[in-house]
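Reader: I'm new to this one, and I'd like to learn how to read it step by step. Could you walk me through it?

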Amino acid sequence: MSESSIFSRIYRGEIPSEIIAETENVFAIRDIAPKAPVHLLVIPKTDEYRNVVELAAGDPTLLTEMIGLANSLAAEYADGDFRLVFNAGEGAGQTVFHVHAHVLAGGLSEGSLRG
């Protein structure tokens, strides 16, 4: 069995972080290295899915719950407009292989945050 992801460890309280929002199956924290004025992470409580493709195939209802929480966070922390980013694979910049969404907001333009 593989080691728990950093996100699972955060949720269990083994690594300190402030959980800013939570639903039955999903929680949200601030990104420790923000790339935008608002940069939050929306994370399933399960570490069963490594990326958004696996999640969409395995549990589309959980993906919907993640998007709903992202929308609520954008309404609370920004003006309601937001960018939702899922990195899928190392070549796309994914560093934690526990599916998570980046909620980015605050003065973004179409060409901003290219990496």
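Author: Happily. Let's begin with the vocabulary for elements: helices (H or I, at least four residues) and strands (E, at least two) are DSSP runs, numbered from the N terminus. With that in hand, D79 sits in the loop between α3 and β4. Keep in mind that this is a predicted model, where local features need pLDDT of at least 70 and side-chain atom pairs count only at pLDDT 80 or more, while totals for chains, interfaces and linings use all residues. Residues are numbered from 1 along each chain as its sequence is written, and side-chain values use heavy atoms, with hydrogens and water left out.

Reader: How many helices and strands does the protein chain have?

Author: The protein chain has three helices and five strands. Read from the N terminus, the order is α-β-β-β-α-α-β-β.

Reader: And how do I read compactness?

Author: Take the radius of gyration over C-alpha atoms and hold it against the globule rule, which is 2.2 Å times the number of residues to the power 0.38. For the protein chain the radius is 14 Å and the rule gives 13 Å for 115 residues, so the chain is as compact as a globular protein of that length. Along the principal axes, the C-alpha atoms fill a box of roughly 40 × 30 × 25 Å.

Reader: Is D79 buried or exposed?

Author: Here's the scale: buried means under 20% relative accessible area, exposed over 50%, and partly exposed in between (1.4 Å probe, protein chains only). D79 has 62% relative accessibility, so it counts as exposed. A92, in the loop between β4 (83-85) and β5, is partly exposed because its relative accessibility is 43%. Over the protein chain, buried residues make up 35% of the 115 residues.

Reader: What does S5 touch, beyond residues up to four places away in sequence?

Author: Contact means heavy atoms within 4.5 Å. By that test, and not counting residues up to four places away in sequence, S5 touches D47, V96 and H98. S5 lies in the segment before α1 (6-11), and it counts as buried because its relative accessibility is 13%. Among contacts in the protein chain between residues at least 6 apart in sequence, 49% join residues at least 24 apart.

Reader: Which residues touch the most other members of the largest nonpolar core?

Author: First the general idea: in soluble globular proteins, nonpolar side chains tend to be buried together. A nonpolar core here is a set of buried Ala, Val, Leu, Ile, Met, Phe, Trp, Tyr and Cys residues joined through side-chain atoms within 4.5 Å. The largest one has 20 residues, and A28, V42, L55, L69 and L73 touch the most other members. Two or more residues come from each of β2 (26-30), β3 (38-44), α2 (52-58), α3 (60-77) and β5 (101-105). The largest share, six residues, belongs to α3. Apart from this core there is another, of seven residues, including I29, L41, I43 and V96.

Reader: Where is I29?

Author: I29 is in strand β2, and with a relative accessible area of 3% it is buried. Leaving aside neighbours within four places in sequence, its contacts include F7, I10, L40 and L41. From I29 to I10 is 19 residues in sequence and 9.4 Å in space, C-alpha to C-alpha.
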